[in-house]
Amino acid sequence: MQARSSDLGYGFCRERRPEGAVVVYTDIPDYAEVSKTVPVQDLTVPRISPGSRVWVKGRPYGWHGAEVAGLSGFGEYLVRVPGLDSDLKLSADQFKIRWDRPLTDPVSALVRGFCDSPEYYEARSALLDQLVLQRRVSRGYTAVLSAPVELYQHQLDTVARVLSDPVPRYLLADEVGLGKTVVAGLVVRQLLIDDDEATALISVPSTLRRQWSDELRDRLLLGEEMGGGGRVRLVSHADLIREPGLREHAIVVIDEAHRLLPLLSGNSSVRGDLHRANGLLLLSATPMNGNLADLLGLLNLVDPVAYPINSLDSLRTRVRQRVEEAQYLQLLTYRRISPYKQRMALDAILAMHGTDPEVIRLVEECRAETVEASAWSDLSYYVRETYRISRRMIRNRRSNGVAREYPVVGRRPVFLPIHDPTRALVDDFLDQYREFLAATSAGHEASKRFAYMVLHALGGPRSMLHYLQRSRAFHGDERSMREAMIARLQSIDTEARIRRACDVVDDRLAKDLKVVVVGTSSDLARDFYETARKRWGSSVAGHLSSMERAQQEEEVRRFLKESGGRVLVGDITLEEGRNLQEAQVIINLDLPLDPNRLEQRIGRLDRFAFRTEPAEVVVFVEPDSEWVTGHVRLLHEGIGVFNASVATLQRKLAEVLDELITRLEREGSDAFSQDLSALQQEIENERVEVDSLEEIESVTAASDVDDASMAELRAAEDNVEGLRNAFQRFISMRGGIGLPAEWNEDEQLLRFHTSRRRIPGLPDDHVAQVLPLLRRPRAYSRSVATRQKGVAPLRLGDPLVDWIDRYLRTDERGRTRAIVRPSSTVREPAIWMSCDFLVEFDAAHLAAESEAVRRRLRRRGDALFPPSVVRVWTDPNGTAPDSMLDILEAPFNPDSDEVLRGRVWDDVLAALPDWQPLCRMSADTALEHLRSLPILGTEPAVSAQRARKEVAARVAVIRARARRLPTDSERRAAQLELEREEALGAALVDGVANPAVSTIACGVVVLWPRV
């Protein structure tokens, strides 16, 4: 066949229109109508936007894709047609406006000759594949993909659990340092993506506002949503109490939520508003064995029906029962269990939950089976998940498998001696003052005051001097002792500890390390800060109680962001809530008596970090002091706080502190020298009990993000070149859109020019939409994005990528294509058709109150049956053999291939007069082949079974919870929730068992005998 580029055979098709009307191009997202008829007098010029796509009728068959180049005058338009040297002048009724919605039946369009050049398909298809893959591996959680954060399974699982719930009300109780802030930010980000009208209110302690602001701006890219008029507001806990309209927000997030509880005491109005909030996310590291009153207060906020504020005794009983239950659940899955223990475990579980029909059934199955049978693990899993203390509390721990990939690198103690000749003076004073108190029969308050004195004395002579100078609690003979001691301390050198700390800092700064120096005594910390500023100048930052909050924030920011060795000096104000994992060393000017406070302090560094070495914890020891030696031994050998986190042992450590305060006045330094072996055993017993309870209460199996899903996600993220090539094709090939992009190889960043007013391939109204989205630099690689401030990964969830995704789904160009290709493999012309099928969860059965809720439910379906694109090559008789695929899938070659349009149709229709039935038969064959593949054969059945199990587990939890509720009204509310979950579950199962299939593109290659 000879090309006839000079004779394209254009003709025009006039449609009958109402008198005085024209076709008006409209481009409204979310499947707007294709066009509408508007009276001429209501229009303003220009009526049709330049760049608008149109169809022009061809002869003898088919249509030509064209583009409106501008307005000619007298109601005519300049229309640019590929292959013509000059634009045509056409009136509006001489062309058809192309759809601005998905082409639902591309086969019918292709049959009628509505065919684009294959260059459109080749420019777009690879990027469409990438976007479907991103949706598949993210399970629809595009906020996760598009935020410049590292991807960790336990965090993604928590995001999925919260967002898959139509009522997102949860307590995130992860152990310190596992990234609760990131999880909360991702939840907020997803809700804003899901609903353009959604807003979020985030309440944090005042000292953490700057830290949260930086996280939201830099790590979650929500800076444009913050500030005046933004959709994200950041307020303090005190401001939250006065905040109106809590129920208007999509979600309210409260960090360090246990610190809000005292402000809610007696404030039923705010508590009620939080109860009725659309979504509520509380963040608190409060462990299961901590203050149960606080735990109840938090659970009451997220689930007031199940946890009335006056049900502390009930919660205490439930926790005890859960601890006992944990021991029996461990026996159920122990393979070498004796028959006696086997019966004992089953009898105990049955005694606890004998009213539950499912428990009864599983227990009977276990009694009839060997320990290796699945019924044992089924029973353990069922009881574990169904009878959680709260299904609305999510807790991850460092020691469980969920967080195993999270780089929390730990701590390493370094004990450095101080030889201070003045230490004996301080120790003698403590002994004398204790004897004085014993002689006066002082009470409990005196014991507490003495413990407070010991706390400062352990920090050395200078700390002791500051304490005595500030204290006003001395009377009579006590005052004389105090004044005499002050005089003696003022006459001696009290700088030994500060000098030793300076030597350590000097050594670490020489290694370019970031060093945190903390003192329990604010006066001692201030003294060191002043010395440090004189010694190291601007390399020193502070976080002291004497500083204004804004100064504290700026000093910490400078310490973290500026490169090289730096020093941050802080007091007790630095010990809670701060993220200082970018530092490598913490130097303790002194040590608190409270082990829990010391854990909080070390935990500022011992948390998520990319460094490979543990945080260095510097502890000063004084071998000549029984007081200091005894204190350090108690913390190190008895409690073990310098070697590993003890964050889960808060209750036991509080007991240790209370006992120590009582004994100090009575026993002096001997109070530290308790039986450390016995204490170690008590600590270990407590840890085992806590571990047993937390093991069954912590997250154990991902709801949406299991190991296989995580592996698929990481594999897609690693394919940086695939994404880069697809995007570059889209913005550089003819048939894509010419976004003004510049790739910087050194930075590995993609930057866009926003000064242009025209973008090739886009109408002007689209250009106006996309230009504001080009300001931020993008990266193909996630690791590049996470290393640089303000850089977004090029992923779904980013406003630009979401715009491109909508554009590609609604723009019909590239959906159909047809070419004639010379080939020596055929003796007569032959049709081969390519069909691109999108197979996905069918959401048609899902009913929801709002589109935002509907999207959350859709994600559950995507998790059960992830979307896939399947390409099939067929003719009317079957699929193409592998030997043909290289020929059929070869890129369009304009030197040999011809686009099927204009006069080319003459030869094709002469050789293939039954063109239409051949095309339809080929498409039917493709669909028939698709149905024979696992994706429509075995996979829906397997996914439907998973869906049934998931739904059954959710329903069982709600049903079991309902049985425990004390009042009829509470049980009725739970019954409504149960009915809702069952209805949603039925829709999920139906949508998975019968997935939706759509043809998103098709193309024909007519193989023509080579002459």
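**Exercise 1.** Which residues does Leu-664 touch, not counting residues up to four places away in sequence?

*Solution.* First, some ground rules: this is a predicted model, where local features need pLDDT of at least 70, side-chain atom pairs count only at pLDDT 80 or more, and totals for chains, interfaces and linings use all residues. Residues are numbered from 1 along each chain as its sequence is written, and side-chain values use heavy atoms, with hydrogens and water left out.

Step 1: apply the contact criterion, heavy atoms within 4.5 Å. Step 2: leave out residues up to four places away in sequence; Leu-664 then touches Arg-434, Phe-450, Ala-451, Val-454, Leu-593, Trp-627, Ala-671 and Phe-672.

**Exercise 2.** Find the largest nonpolar core and the helix that gives the most to this core.

*Solution.* Step 1: a nonpolar core is a set of buried Ala, Val, Leu, Ile, Met, Phe, Trp, Tyr and Cys residues joined through side-chain atoms within 4.5 Å. Buried means under 20% relative accessible area, exposed over 50%, and partly exposed in between (1.4 Å probe, protein chains only).

Step 2: the largest such core has 64 residues, and Met-464 and Leu-664 have the most contacts inside it. Step 3: helix H16 (residues 444-457) gives the most to this core, namely 7 residues. Helices (H or I, at least four residues) and strands (E, at least two) are DSSP runs, numbered from the N terminus. Step 4: a second, separate core has 43 residues, including Ala-843, Val-904, Leu-918 and Ile-935.

**Exercise 3.** Examine the salt bridge between Arg-135 and Glu-840.

*Solution.* Step 1: the criterion is a side-chain nitrogen of Lys or Arg within 4 Å of a carboxyl oxygen of Asp or Glu. A search of the whole structure finds 67 salt bridges. Step 2: for Arg-135 and Glu-840, the N to O distance is 2.8 Å. Step 3: this pair links distant parts of the chain, as Arg-135 sits in helix H2 (residues 118-138) and Glu-840 in strand E25 (residues 830-840), 705 residues apart. Step 4: both residues, Arg-135 and Glu-840, are buried.

**Exercise 4.** Why does Asp-427 count as buried?

*Solution.* Step 1: Asp-427 counts as buried because its relative accessibility is 8%. Step 2: its salt-bridge partner is Arg-423, at 3.4 Å, N to O. Arg-423 has 3% relative accessibility, so Arg-423 counts as buried too. Step 3: both lie in helix H15 (residues 423-439), 4 residues apart, about one turn of the helix.

**Exercise 5.** Classify the partners in the salt bridge of Glu-562 and Arg-566.

*Solution.* Step 1: their side chains meet at 2.6 Å, N to O. Step 2: Glu-562, at 32% relative accessible area, is partly exposed, whereas Arg-566, at 9%, is buried.
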